[in-house]
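This report concerns side-chain contacts, namely aromatic ring pairs and salt bridges. The sequence and the structure are shown first.

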Amino acid sequence: MRYSAFEIFKQGLTGHRNWPALWRDPVPKERYDVIIIGGGGHGLATAYYLAKEHGITNVAVLEKGWLGGGNTGRNTTIVRSNYMIEGNTEFYEHSLKLWEGLSQDLNYNVMFSQRGQYNTFHNPGQRDVARRRANTLRLNGIEAELIDAKQMAAEVPGLDYSANARFPILGAMYQKRAGTARHDAVAWGYARGADSFGVDIIQNCEVGEFIRDQGRITGVRTNRGDIRADKVGMAVAGHTSHVAAKAGLTLPIETHVLQAFVSEPLKPIFDTVISFGAAHFYISQSDKGGLVMGGDIDGYNSYAQRGGMPTMEHVFAAGVSFMPYLSRLKILRQWGGVMDMTMDGSPIICKSPIDGLYINGGWCYGGFKATPASGWCFAHTIARDEPHEFNAKFGLDRFSRGFALDERGAGPTPHAH
C-alpha cells in the first residue's frame, strides 16, 4: 500500500485520524475451520500462512486484549539464526530467510534491518566454543565468521578493548545477516495480510474454556460467546501453561519475566547488534537513537510484566563493564515480557495429545526472531496434521523420551522443574 507525499501531508494536518483501517473488526462467527488463540506475531503469522500456503481462509484469530499487545511488543527485536543444535539450526535459518523477504511478501514494511550481530568471547575456552558454533553453521550453509579483537575494534569502536578490562575482549563470532525489525510492524503486517485473505481477527475476545465432544476439542467458550472449529491452535507465549491447563494438559514449561530497557536517544554510535559473552547482555541502537538492551530472565515464576531490581542491576552492571560510557546515560523506559521457558531452551510446535488441539509455545529467548518460521511451520502442522521437517524435532514427546534439544549456548538459560 503506497500513499503520495500529498496524502501523507494531508493526514498529518488532521492528526492522522483518517487513515483507513488495515484490517476489519468482525463479529465472531459460530464456526470456523481453524481457531488460533493468540493475536501476537506467532498467531497472526500462523493464520496468514494457513491462508496463503494451504488455502484455509475460514480462520479466526482470538486475542484477549489488543493485537500485538503481548510479547510481540515486549522484546528487543533481535533477529538471528546462529543456533547450532540439529533441528534448531535448520528452523532458525528458515526463519531468517523468511525475514529477508517478509516486507515484500506482506507488501508492508516491517523495517527489517540486517545490521549484523557480534557475539563476543573473552577467554580461550569461549573462543573454542564460538569456533565450534561458527563451523557448525558454515557446515549447514549458514554464514558465520570469527574475528579477532583488532578487527572488531575497527568495526565497532567504543567498547572496552583494553587488556586490563574486567572481561578482555578477544574477538567475536559475527553473523552478517542478523539484525533487527520493528516488532509492532511485524504484527500489523501479518494482520493486514491475513485479513486480506478473509481471516477474522477478533480482539478483546478472551478464551475461558475449551468445548469438547467425546474427548475431542471442538471449540472455545469466550466472553463473546461460544465459537466452534474443527481445529484449535494455541500461540499464547508466556500464557501457554495456563491456557493448556484449561484443556487438562500439564506442560514442561515455566513462565518468567524477561526485562528490556531503552536509553535516552543518542546520535549514532554503532550500527549493529552486540552480545556480551562474559555476561548475558545484548544491545543495539534503535532508529530513534535509543540504546535497546536486555539480559537474563528474572529468576522467579511470574505472569507479571514488571520485573525486579536484581535483574536491572545485573543488566546495567554488565553493560557498563562492557561499554563504560553507558554509565552516563539515563534510562528512558523499561518493560517486561512473560516468557514460557522449556527445560531445554527449544520450542514446542506440534499436535497435542488431545484431538483437535495444537500447541505452539516454549519459546524461551527465541520467540520474536522465530515469528515467520513459527507461523509457517505451525500452519503446516495444523493443515496437514503432521509436522514439517523444520519442526519435526519440536514435539512434546521429546521430554518423555529424554531427547533434549539443549540450546543454552544461543541464549536461553532455562529454569524448569
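The following paragraphs treat the aromatic pairs and then the salt bridges of this predicted model.

**Aromatic pairs**

The count of aromatic pairs comes to 15. Among them is the pair formed by phenylalanine 91 and tyrosine 92, whose ring centres are 5.1 Å apart; the planes stand at 85 degrees, so the arrangement is edge-to-face. An angle over 60 degrees is what places a pair in that class. Both phenylalanine 91 and tyrosine 92 are buried. These two residues also belong to a cluster linked by ring pairs, in which they are joined by Tyr83, Trp363 and Phe394.

**Salt bridges**

Across the whole structure, 18 salt bridges are found. Three of them are listed below with their N to O distances and with the exposure of each partner.

| Salt bridge | Distance, N to O | Acidic residue | Basic residue |
|---|---|---|---|
| Glutamate 86 – lysine 393 | 3.8 Å | exposed, 53% relative accessibility | partly exposed, 32% relative accessibility |
| Aspartate 287 – arginine 115 | 3.5 Å | exposed, 61% relative accessibility | buried, 16% relative accessible area |
| Aspartate 397 – arginine 401 | 3.2 Å | partly exposed, 41% relative accessible area | exposed, 52% relative accessible area |

Glutamate 86 and lysine 393 meet through their side chains in a salt bridge. Glutamate 86 is located in the loop between β3 (78–79) and α3 (88–100), and lysine 393 in the loop between α10 (371–384) and α11 (398–401); the pair therefore ties together parts that are 307 residues apart in sequence.

A salt bridge also joins the side chains of arginine 115 and aspartate 287. Here arginine 115 occupies the loop between α4 (102–106) and β4 (117–121), while aspartate 287 occupies the loop between β14 (281–285) and β15 (291–301), so this contact ties together parts that are 172 residues apart in sequence. Arginine 115 counts as buried because its relative accessible area of 16% falls under the 20% cut-off. Its partner aspartate 287, at 61% relative accessibility, is exposed.

In the third tabulated bridge, the side chains of aspartate 397 and arginine 401 meet at 3.2 Å, N to O. Aspartate 397 is partly exposed at 41% relative accessible area, whereas arginine 401 is exposed at 52%.

Salt bridges also form a network, which links Arg24, Asp195 and Asp200.

Key:
Residues are numbered from 1 along each chain as its sequence is written. This is a predicted model: local features need pLDDT of at least 70, side-chain atom pairs count only at pLDDT 80 or more; totals for chains, interfaces and linings use all residues. Side-chain values use heavy atoms; hydrogens and water are left out. Rings of Phe, Tyr and Trp (its six-membered ring) pair if their centres lie within 6.5 Å; planes under 30 degrees apart count as stacked, over 60 as edge-to-face and the rest as tilted. Buried means under 20% relative accessible area, exposed over 50%, partly exposed in between (1.4 Å probe, protein chains only). A salt bridge is a side-chain nitrogen of Lys or Arg within 4 Å of a carboxyl oxygen of Asp or Glu. Helices (H or I, at least four residues) and strands (E, at least two) are DSSP runs, numbered from the N terminus.
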